[in-house]
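Here is a short tour of a protein model, written for someone who likes to know how each term is defined. Please keep the structure open while you read.

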Amino acid sequence: MTTCSLCTASEPGAGARILKRGTRFLEPDVYVARLGAQQAVFKDYRRYRRTPLSPLARLLVRREARILERLSGWGYAPALLGTIGGLVLGMEFIDGKVLGRDVAMVSDEVFRRLKGAVAALHAAGIAHNDLHGSNILVSGGMPRVVDFASALPMPAWLARSTFGRQLRRSDLANVVKLQSRLTGTPPSPAEADVLAEPRWVRAIRGAWKRLYRRSPAST
């Protein structure tokens with residue numbers, strides 16, 4: 001899945017635009033670089049090369065690449081461009097704005113499309129598992145979802161389980177909360193039920209957030 005042009009573009013030289021520095025455990029550097037006449041986004045885990053964390057970093061790249069491949073016809077995710085050395089993921093650059101940054105781009109229509117996209121994602125057996133404002137871009141009035149590092153493929157048995165239903169519920173709840181906050185549109189009765197997070201889920205989510213915040217910064 002590697003091309004020479006992709007390898008050259010993945011080198012974060014002077015022309016690269018840094019989107020995010022990886023500072024937490026197993027976080028990649030994310031940057032935009034020129035790929036021919038276009039731009040591409042790279043998630044770069046190469047600082048973990050020759051460390052004990054290299055196998056985990058390679059697993060993260062491989063998982064996200066497979067998910068993007070699987071979503072190639074979905075229409076709401078960036079196209080996969082390839083991987084480099086098992087530690088760099090290259091994907092389509094989406095020329096859009098983070099949902100909520102521009103009030104003119106926030107509308108009930110955008111959220112209607114986003115809910116339809118999430119429903120199609122779940123029907124394809126995938127939960128995004130990290131749907132928040134900064135992972136949703138709006139381009140030409142169309143919502144596009146990025147960052148599938150936490151996404152989870154769900155075989156039929158998992159999708160039918162309590163855990164699978166909770167993953168879908170969590171994705172939809174995040175979208176409903178965003179819509180309510182950004183547009184003032186109250187949740188429908190059915191959506192209000194979705195927002196009523198079970199107590200056991202709140203406990204697990206709280207424990208995970210505490211663990212994540214205490215994780216050592218990468219060097």
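## A hairpin and its sheet

β4 and β5 make a hairpin in which 3 residues separate the two strands, and G85 in the turn has a positive phi of about 60 degrees. Helices (H or I, at least four residues) and strands (E, at least two) are DSSP runs numbered from the N terminus. This is a predicted model, where local features need pLDDT of at least 70, side-chain atom pairs count only at pLDDT 80 or more, and totals for chains, interfaces and linings use all residues. Residues are numbered from 1 along each chain as its sequence is written, and side-chain values use heavy atoms, with hydrogens and water left out.

The two hairpin strands, β4 and β5, are antiparallel and share 4 bridges; two strands count as paired if DSSP finds at least two bridges between them. One such match sets T83 against L89 in β5. Of the 5 residues in β4, 4 are buried, so this strand is largely enclosed by the rest of the structure. Here buried means under 20% relative accessible area, exposed means over 50%, and partly exposed lies in between (1.4 Å probe, protein chains only).

The hairpin belongs to an open sheet of 5 strands, ordered β1-β2-β3-β5-β4 with antiparallel pairing. At its edges stand β1 (17–20) and β4 (80–84); each has a single partner strand, so one side of each lacks a neighbour in the sheet. On average, neighbouring strands of this sheet are turned by 25 degrees against each other, direction ignored. Across the sheet lies α2, in contact with β3 (38–44), β4 and β5 and running at about 25 degrees to β5. Contact means heavy atoms within 4.5 Å, while axes are lines fitted to C-alpha atoms (for helices over the stretch in contact), with angles from 0 to 180 degrees between N-to-C directions.

## A second sheet

What is the strand order in the open sheet of 3 strands? The order is β6-β8-β9, with antiparallel pairing. Its edge strands are β6 (97–98) and β9 (142–145), each pairing on one side only. α3 lies across β8 and β9, at about 40 degrees to β9.

The table sets out three antiparallel strand pairs with an example of a bridge in each.

| Strand pair | Bridges | Example partners |
|---|---|---|
| β1 and β2 | 3 bridges | R17 and V32 |
| β4 and β5 | 4 bridges | T83 and L89 |
| β6 and β8 | 2 bridges | K97 and V138 |

## The nonpolar cores

A nonpolar core is a set of buried Ala, Val, Leu, Ile, Met, Phe, Trp, Tyr and Cys residues joined through side-chain atoms within 4.5 Å. In the largest one, which has 36 residues, L71, W74, L99 and F148 touch the most other members. At least two residues each come from β2 (29–35), α2 (54–70), β5 (88–92), α3 (108–123), β8 (136–139) and α5 (162–183). The biggest contribution is that of α3, with 6 residues. Another core lies apart from this one; it has 7 residues, including A33, A40, F42 and V88.

Beyond its neighbours within four places in sequence, L71 is in contact with A77, L121, I126 and F148.

## The loop between β7 and β8

Is H128 buried or exposed? H128 is buried, with a relative accessible area of 0%, and sits in the loop between β7 (126–127) and β8. Not counting residues up to four places away in sequence, H128 touches L121, N135, V145, V146, D147, F148, S150, A151 and D171. A polar atom of the H128 side chain lies 3.4 Å from the backbone nitrogen of L131.

N129 is in the loop between β7 and β8 too, and is partly exposed at 37% relative accessible area. Although not a glycine, N129 has a positive phi of about 75 degrees. R50, also not a glycine, has a positive phi of about 65 degrees. R50 belongs to the loop between β3 and α2 and is exposed, with a relative accessible area of 76%.

## The chain as a whole

The protein chain contains 7 helices and 10 strands. Of its 219 residues, 41% are buried. Among contacts with a separation of 6 or more, 62% join residues 24 or more positions apart.

How values were computed:
A polar contact is a pair of N or O atoms within 3.5 Å; within protein, one must be able to donate a hydrogen and the other to accept it, and residues adjacent in sequence count only if both atoms are side-chain atoms.
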